[in-house]
Amino acid sequence: MILLIVGMVFVVAFFFFFPKPTLFALAALLVAGIGVAIFLYFQQASHEGSITSIKGTSKGTEGCAEPARPVFVRLFNGSRQQVDVIRFRLVAKRPGFSVEYYSDYLTSYKIIEPGGTYDNCWSLNQYRGLQTLPEKLTPSQLDWSVEISSVEFADGR
């Protein structure tokens with residue numbers, strides 16, 4: 001805050017001694033600031049668009065025969081870039097209820113090409129697993145969903 005006040009004093013002083021150059025300098029700073037803001041806006045917008053094109057779905061236990069890895073997850077890369085890492089939440093809800101019965105953060109390091117999918121059966125956290133909950137529901141009795149948390153694209157990004 002103190003630097004802002006000192007800077008304003010310098011600008012006002014320079015304006016009284018050198019009005020035209022000071023106005024040109026302020027105009028140049030304003031144009032540069034607007035340019036940086038526009039660049040950052042479009043950079044953020046393209047980044048958001050790419051992340052939203054990564055989809056995760058789950059069919060519950062369908063397609064998973066191994067009891068140690070009971071939940072099927074499909075990750076789809078709908079972007080135009082290669083995906084190196086996807087972090088996501090695996091969420092289970094009891095049918096007809098909105099409260100989460102189980103959730104865990106998971107990470108996939110599988111490289112997924114643009115337009116590609118990655119299907120895998122995932123294990124549940126044994127320390128936060130379904131066996132620790134009071135109702136003792138099995139994975140097949142729950143509705144599963146996937147929420148993408150973050151995505152890392154290939155270095156060409």
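The legends below describe views of a predicted model.

**Figure 1. Overall fold of the chain, with two helices and six strands.** From the N terminus on, the order of the elements is α-α-β-β-β-β-β-β. The radius of gyration is 26 Å, well over the 15 Å that the globule rule gives for 157 residues, so the chain is more spread out than a compact globule. The C-alpha trace spans about 80 × 35 × 25 Å along its principal axes.

**Figure 2. Contacts and burial in the chain.** Of the contacts with a separation of 6 or more, 65% join residues 24 or more positions apart. Buried residues account for 29% of the 157 residues.

**Figure 3. Surface and charges of the chain.** About 10600 Å² of the chain is exposed, and 65% of this area comes from carbon and sulfur atoms. The chain carries 14 positive and 13 negative charges, and the mean positions of the two sets are 4 Å apart.

**Figure 4. Close-up of the aromatic pair of phenylalanine 88 and tryptophan 122.** The model contains two aromatic pairs. In the pair shown here, phenylalanine 88 and tryptophan 122 are edge-to-face, with 5.3 Å centre to centre and 85° between the planes. The angle is over 60 degrees, the cut-off for edge-to-face, and the centres lie within 6.5 Å, as a pair requires. Phenylalanine 88 belongs to strand β3 (residues 83–93) and tryptophan 122 to strand β5 (residues 117–122), so the pair ties together parts that are 34 residues apart in sequence. Phenylalanine 88 has a relative accessible area of 0% and is buried. Tryptophan 122 also counts as buried, at 13% relative accessibility, because the cut-off for buried is under 20%.

**Figure 5. Close-up of the aromatic pair of tyrosine 102 and tryptophan 144.** A pair of aromatic rings is described by the distance of the centres and the angle of the planes. For tyrosine 102 and tryptophan 144 these values are 5.9 Å centre to centre and 65° between the planes, and the pair is edge-to-face. Tyrosine 102 is part of strand β4 (residues 100–108), while tryptophan 144 is part of strand β6 (residues 143–153), so this pair ties together parts that are 42 residues apart in sequence. Both tyrosine 102 and tryptophan 144 are buried.

Notes
Residues are numbered from 1 along each chain as its sequence is written. This is a predicted model: local features need pLDDT of at least 70, side-chain atom pairs count only at pLDDT 80 or more; totals for chains, interfaces and linings use all residues. Side-chain values use heavy atoms; hydrogens and water are left out. Helices (H or I, at least four residues) and strands (E, at least two) are DSSP runs, numbered from the N terminus. The radius of gyration is taken over C-alpha atoms; the globule rule is 2.2 Å times the number of residues to the power 0.38. Buried means under 20% relative accessible area, exposed over 50%, partly exposed in between (1.4 Å probe, protein chains only). Contact means heavy atoms within 4.5 Å. Accessible areas come from the Shrake-Rupley method with a 1.4 Å probe; for residues, only the protein chains shown count as cover. Lys and Arg count as positive and Asp and Glu as negative; His and the chain ends are not counted. The place of a charge is taken as NZ of Lys, CZ of Arg, CG of Asp or CD of Glu. Rings of Phe, Tyr and Trp (its six-membered ring) pair if their centres lie within 6.5 Å; planes under 30 degrees apart count as stacked, over 60 as edge-to-face and the rest as tilted.
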